[in-house]
Amino acid sequence: MKLQTIPDVKTLIVIPCLNEARTIDDLLLKFSSSLNHPQDRIIVADGGSTDGTRDIVASFSMQDQRVILLANPKRIQSAGINLAVEMFGTDYDYLIRIDAHGDYPDDYCHRLLEDAVKTGADSVVVAMDTVGHGTFQKATAIAQNSKLGNGGSKHREGSKGHWIDHGHHALMRISAFTTAGGYDESFSHNEDAELDYRLRKAGFRIWMTDKTRMTYYPRSNVSPLFKQYMAYGRGRAKNLLKHRSLPKIRQMIPLAVMPVAVFSLLGFFHWAAFVPLLLWVGACLGYGLWMAVAEKNSYGPLAAFAAMVMHFAWSTGFWLELLGSIGTPAPVAGKAVS
């Protein structure tokens, strides 16, 4: 069924990517068939892919000139989106950010635009359904969909449409994006939360939609999951340092994991030092067993292990960034760093 066009609204869809040959063609097919305006464009900001992604996009753009391949020499997502908006955003009303590592309903962009026009929001964010295929990826997805793994984060759980401080970036008014200064390119992770802070400070409003959501596929084994969450922890610490703010209560519990693990080393001198670490391990494993029994989810214990990996990695990244900042000037709060 063809969706009704929203008149006089032009949209720039930006897909920052690096080595996404397995998914990029399907994403281009999906979004090129659902553009709202004849002048809408899809920009693939590629960070130097070596797996054939660039060839796939170049071939697609020869058939559909609305698709443009843009080289992103800085490689990270924030820089790719900033560059796309800088080069092409002048004549457009909205930016829609698409993550190449996810999946989307066919009417995704249309629902975002509907809610943006209806609410007058400067940014529309979405909830995520995390889905896995292999054994560990399924367990990680279950962990990330649970309070054990997400701490009750609204953009993980979703709810009825409402105004919010931060969510998973989907649509943004380009004038708001540029006025706030775009993404801070010194952030490789957590750049969305950092920009949301500046958007709110500038008086812009963020709407969590309940009209659509995206599907995210987590890392499929321990090592990349650990690296990802350590980078998230570093990004969160950098954000708090830049804006001189405090972590939320739901972030303070995993924040304590790395110090508790270090403190447990004193257990070789006195057993009591092991107690805090054992309480955390017991709480996680207990939650996993509860999922296995009460929810009849056989992945519960492995999901608990995945959550423990995420907690420890996030906490480690946070404290490494915080300790590494000692003696160095704090980042300047304000517009993005180019």
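**Figure 1. The side chain of Thr316 and the backbone oxygen of Phe312 in the predicted model.** In this predicted model, the side chain of Thr316 reaches the backbone oxygen of Phe312 at a distance of 2.7 Å. Thr316 belongs to helix H14, and with a relative accessible area of 11% this residue is buried. When neighbours within four places in sequence are left aside, the contacts of Thr316 are with Met230 and Met258.

**Figure 2. His311 and the backbone oxygen of Leu148.** His311 is placed in helix H14, which covers residues 300–324, and at 11% relative accessibility His311 counts as buried. A polar atom of the His311 side chain lies 2.8 Å from the backbone oxygen of Leu148. Not counting residues up to four places away in sequence, His311 touches Leu148 itself, together with Pro254, Val257, Trp280 and Cys284.

**Figure 3. Helix H3 and the elements that cover its buried residues.** Helix H3 comprises the twelve residues 77–88, which at 1.5 Å a residue should span 16 Å, and the C-alpha atoms at its ends are indeed 16 Å apart, in agreement with that expectation. Which residues of H3 are buried? They are Ser78, Ala79, Gly80, Ile81, Asn82, Ala84 and Val85. The cover over these buried residues includes four strands, E1 (11–17), E2 (41–46), E3 (67–71) and E4 (94–97), as well as helix H8 (174–180) and helix H9 (191–201).

**Figure 4. Leu27 in helix H1 and its contacts.** Leu27 is found in helix H1, residues 24–32, and is buried because its relative accessible area is 3%, where the cut-off for a buried residue is under 20%. Apart from neighbours within four places in sequence, Leu27 is in contact with Ile98, Asp99, Ala100, Gly102 and Tyr104. Of these residues, Ala100 is 73 residues away from Leu27 along the chain, yet the C-alpha atoms of the two are separated by 7.5 Å.

**Figure 5. The salt bridge between Lys30 and Asp106.** Lys30 and Asp106 form a salt bridge in which the closest N and O atoms are 3.0 Å apart. Since Lys30 lies in helix H1 whereas Asp106 lies in the loop between strand E5 (102–103) and helix H4 (108–119), the pair ties together parts that are 76 residues apart in sequence. Is each partner buried or exposed? Lys30 counts as buried at 18% relative accessibility, whereas Asp106, at 56%, counts as exposed.

**Figure 6. Salt bridges that involve residues of helix H9.** The side chains of Asp165 and Arg200 meet in a salt bridge, at 3.7 Å from N to O. This pair links distant parts of the chain, with Asp165 in the loop between strand E7 (162–163) and strand E8 (168–173) and Arg200 in helix H9, 35 residues apart. Both partners are partly exposed, Asp165 with a relative accessible area of 44% and Arg200 with a relative accessibility of 31%. A second salt bridge joins the side chains of Arg198 and Glu194, at 2.7 Å from N to O. Here both residues lie in helix H9, four residues apart, which is about one turn of the helix. Arg198 and Glu194 are each buried, and salt bridges that share partners join them with Asp184 and Lys242 into one network. The whole structure contains 16 salt bridges.

**Figure 7. A nonpolar patch on the surface.** The patch is formed by Val262, Phe263, Leu265, Leu266, Phe268 and Phe269, which together have about 710 Å² of accessible area. Val262, one of these residues, is placed in helix H12, residues 257–263, and is partly exposed, with a relative accessible area of 47%.

**Figure 8. Arg244 and Lys296, two loop residues with positive phi.** Most residues other than glycine have a negative phi. Arg244, although not a glycine, has a positive phi of about 55°, and Lys296, likewise not a glycine, has a positive phi of about 55°. Arg244 is placed in the loop between helix H10 (222–243) and helix H11 (249–255), where at 64% relative accessibility Arg244 counts as exposed. Lys296 is found in the loop between helix H13 (275–294) and H14, and counts as exposed at 77% relative accessibility.

Notes
Residues numbered from 1 in each chain as written. Predicted model: local features only at pLDDT ≥ 70, side-chain atom pairs only at ≥ 80, totals over all residues. Heavy atoms only, no water. Helix = DSSP H or I, 4+ residues; strand = E, 2+ residues; numbered from the N terminus. Expected span 1.5 Å × (residues − 1). Buried < 20%, exposed > 50% of the residue type's maximum accessible area, 1.4 Å probe, protein only. Contact = heavy atoms within 4.5 Å. Polar contact = N/O pair within 3.5 Å; in protein donor to acceptor, adjacent residues only side chain to side chain. Patch = residues over 30% accessible without salt bridge, like charges linked within 9 Å, V, L, I, M, F, W, Y side chains within 5 Å. Areas by Shrake-Rupley, 256 points an atom, 1.4 Å probe, with all protein chains shown as cover. Salt bridge = Lys/Arg side-chain N within 4 Å of Asp/Glu carboxyl O.
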